[in-house]
Amino acid sequence: MTHYRSLLLLPFVLTGCATTGMQGALDSLNGLGQSIGTSLSQAATPASAANYNSLLSTPLHNALCHNLSTDGRAPEWPKVVISNLQIPADQMTLTRSLTLKASDCIRFDAVLWHDAKRSERFSNLSLCAPELPKQSNNFVLTWMSFSISGKTSGQVRGDGPIPPYSKLPSDPAMERWLMNQFGLYYVGSLLTLVGYDPNFTVDDRRFWIRNIKG
């Protein structure tokens with residue numbers, strides 16, 4: 001078994017196209033998740049994920065890297081929408097130890113918008129603890145604190161291509177997940193794996209979570 005302690009405080013090493021380092025206001029978030037650690041077997045993806053497709057094996061992985069800003073303005077495309085998110089029940093309880101297990105997997109569907117008329121849909125996707133980037137996810141607090149800029153669908157949360165006003169659903173389950181810090185870690189990992197650059201903060205229209213599956 002390989003042991004990782006304080007995973008959220010490790011150096012910011014990304015597997016996609018996002019840049020490294022944290023600047024300005026992000027420095028004040030370095031204490032986030034200091035008690036979270038992992039004890040993961042890296043031998044294989046958990047058997048419980050056998051009927052799901054990993055996000056890493058789809059075009060969603062690093063999708064945002066395919067159209068980077070060249071002039072300081074945020075690209076409009078592509079967009080990634082996560083829907084029907086299923087969260088492990090024990091990640092909602094304050095009594096659970098802040099330790100990730102190899103069997104900790106989130107499940108979801110997704111839509112990848114290449115442009116306003118072309119989209120791909122993916123069902124029964126998964127992201128399990130052994131697949132998560134070993135990095136700091138401190139940028140998530142800044143990312144989630146601002147609403148989506150420009151034209152939005154307001155409170156109507158759809159699959160796109162127009163994003164809603166809020167990046168995350170206003171849902172008690174989502175709030176508990178974030179409060180328990182597991183949510184901050186997984187949302188940060190999703191952003192990193194689809195290619196979001198945490199230092200390019202105006203790029204806020206290209207990723208949102210539509211809903212949590214009841």
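This report looks at a disulfide and the strand pairings around it in a predicted model.

Let's start with the link itself. The model holds 1 disulfide, and Cys-105 and Cys-128 form it. Their sulfur atoms lie 2.0 Å apart, which means the pair counts as a disulfide, since the cut-off is within 2.5 Å. If you like to check dihedrals, the value about the S-S bond is 105 degrees, and the link of Cys-105 and Cys-128 is right-handed. Along the chain, the two cysteines are 23 residues apart, so to speak of "distant parts" fits: Cys-105 belongs to strand β6 and Cys-128 to strand β7.

Are these two cysteines buried or exposed? Both Cys-105 and Cys-128 are buried.

Now for the strands that carry them. Strand β6 covers residues 105-113, while strand β7 covers residues 119-128. Together, β6 and β7 make a hairpin, with 5 residues between them. Strand β7 also pairs with strand β3, which covers residues 53-54. Here are the two pairings of β7 side by side:

| Strands | Sense | Bridges |
|---|---|---|
| β6 and β7 | antiparallel | 8 bridges |
| β3 and β7 | parallel | 2 bridges |

Which residues of β7 serve as bridge partners here? In the β6 pairing, Phe-108 has Leu-125 as its bridge partner in β7. In the β3 pairing, Ser-54 has Ser-126 as its bridge partner in β7.

To pull this together, β6 and β7 are joined by antiparallel bridges, and the disulfide of Cys-105 and Cys-128 links these two strands as well.

Conventions: Residues are numbered from 1 along each chain as its sequence is written. This is a predicted model: local features need pLDDT of at least 70, side-chain atom pairs count only at pLDDT 80 or more; totals for chains, interfaces and linings use all residues. Side-chain values use heavy atoms; hydrogens and water are left out. Helices (H or I, at least four residues) and strands (E, at least two) are DSSP runs, numbered from the N terminus. Buried means under 20% relative accessible area, exposed over 50%, partly exposed in between (1.4 Å probe, protein chains only). Two strands pair if DSSP finds at least two bridges between them.
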